[in-house]
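Biologist: Please show me the model. I would like to go through its fold by question and answer.

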Amino acid sequence: MTPTNIAQNVGSPIRRIAVSSALTFSPPMESVTTVTDSSIPKFSYSQLQTWDRCHFSWYLNYHEQWTPVETKSYFVEGNVGHDLLMIYYKNIVMTDHDSCVRLVKQKVAQFHAAAGQDPDKLKIVATMARVVKGYLEDFARHEDQKWEFLDAEKEFEIPLKTPKGREFLLEGRIDIVAKERATNRVWAWDHKFIGKKPWWSEAQLLMDSQMPTYVAALQSMGVPIFGALVNQCNKYQYAKTQDMVEENLYKRSPIYHTNDELAARLNNFGMMVDELLECNEQGIFRRSLKRDCSDCFWQDPCLMSLKVPDAPVSDFLQVNFTKKAPKRALI
Ligand code: SF4
């Protein structure tokens, strides 16, 4: 099967229905959802990224459904910042900047209340409140005049086929879909909070696979998408106020992909799904052991189960890990 076939193939058991979007597109547009056969496996972009990085990590996380008891702080920082921007952009299509900022402040107050007396959590809330306030007041207030926001937190679920003919669903959520007023071009945005400059390099933008996945998904839903934009926000608090300037703190990096490239990238996802399903059938999950493993939160149980191969890995997960509960909002 060619890459183009994969991008275009919508399997027969999968019925597509069109429903009105919760937010108004201009020109009017419909978002598409799917009614699916529940036996068709569903994968998120992040799940396939985990598989790509390390099969054993995927096994612990998605097959066995373990999760760390304490989530690392950088992860929560990203969640808090993302939630604050989500409140703003979900409402900006219906009301004005100042009203949206008030809603963001209410959300910050909720985060503060949820953080209680925990100094680490309070620090995270304070950091992200500072970063998002600066972004909204000093950057988005004027830069966003160039954009018409069409949708925020746009969910997708697209039916695809692997090179070996297996049907699967690729699901995800796109931070923003927005139309550039000057060109009428529609872009998919993703917010990224970074620790300190440098911004994403040209090579990182070209090699990234998240944004083209989102563009391909929107294209398959009939959205006339043009490109993707990485909306970067620098969290670092510079010691000198003269360094706390727009060019150091905020950057929007555009990236374009041809239709052939988008199809090739979806084909690559299909190959990963074939590999994942075959390993799953055989119960074989290879570790990607390398020096970077020192940053992996599965490091301890992974290492212990290597040292004591006869013991079930669950023996080493009981203390610092727990089985996942159904997903819920952070607060
Ligand atoms: S420590 Fe390395 S090999 Fe083990 S799960 Fe993590 S990434 Fe995979």
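The exchange below moves from the whole chain to single residues.

Biologist: What kind of model is this, and how are residues numbered?
Modeller: This is a predicted model: local features need pLDDT of at least 70, side-chain atom pairs count only at pLDDT 80 or more, and totals for chains, interfaces and linings use all residues. Residues are numbered from 1 along each chain as its sequence is written.

Biologist: How many helices and strands does the chain have?
Modeller: Both are DSSP runs, numbered from the N terminus: helices are H or I with at least four residues, strands are E with at least two. On that basis the chain has 11 helices and 10 strands.

Biologist: What percentage of the residues in the chain is buried?
Modeller: C-beta atoms are placed from the backbone, and a residue is buried if 20 or more others lie within 10 Å of its own, exposed if 12 or fewer, and partly exposed in between. The chain has 331 residues, and the buried share is 28%.

Biologist: Which elements give two or more residues to the shell around the ligand?
Modeller: The residues around the ligand, with a C-beta atom placed from the backbone within 6 Å of it, are Cys54, Phe56, Ser57, Arg287, Ser288, Leu289, Cys293, Cys296, Trp298, Gln299 and Cys302. Two or more of these come from each of helix 3 (55–63) and helix 11 (299–307).

Biologist: How does the ligand shell divide by class?
Modeller: Ala, Val, Leu, Ile, Met, Phe, Trp, Tyr, Cys and Pro count as nonpolar, Asp, Glu, Lys and Arg as charged, and the others, Gly among them, as polar. The shell then holds 7 nonpolar, 3 polar and 1 charged.

Biologist: How are helix 8 and helix 10 oriented to each other?
Modeller: Axes are lines fitted to C-alpha atoms over the stretch in contact, with angles from 0 to 180 degrees between N-to-C directions. The axes of helix 8 (residues 210–220) and helix 10 (residues 259–282) come within 9 Å and cross at roughly 105 degrees. Angles under 35 degrees count as roughly parallel, over 145 as roughly antiparallel, 65 to 115 as roughly perpendicular and the rest as oblique. The two helices are therefore roughly perpendicular.

Biologist: Which residues of helix 10 make the contact with helix 8?
Modeller: Contact needs C-beta atoms, placed from the backbone, within 7 Å. Helix 8 brings Pro212, Thr213, Val215, Ala216 and Gln219. Helix 10 answers with Glu261, Leu262, Arg265 and Leu266.

Biologist: Which residue is the bridge partner of leucine 160?
Modeller: Two strands pair if DSSP finds at least two bridges between them. Strand 5 (residues 147–161) and strand 6 (residues 167–180) pair in the antiparallel sense over 13 bridges. They form a hairpin with 5 residues between them, and glycine 165 in the turn has a positive phi of about 90 degrees. Within strand 6, the partner of leucine 160 is phenylalanine 168.

Biologist: Is tyrosine 89 buried or exposed?
Modeller: Tyrosine 89 sits in helix 4 (residues 73–92). Beyond four places in sequence, tyrosine 89 touches Phe149, Ala152 and Ile176. With 22 other C-beta atoms within 10 Å, tyrosine 89 is buried.

Biologist: Where is glutamine 65, and is glutamine 65 buried or exposed?
Modeller: Glutamine 65 lies in the loop between helix 3 and strand 4 (66–68). Its phi is near 65 degrees, a positive value in a residue other than glycine. Glutamine 65 has 11 C-beta neighbours inside 10 Å and counts as exposed.

Technical notes: Contact = placed C-beta atoms within 7 Å.
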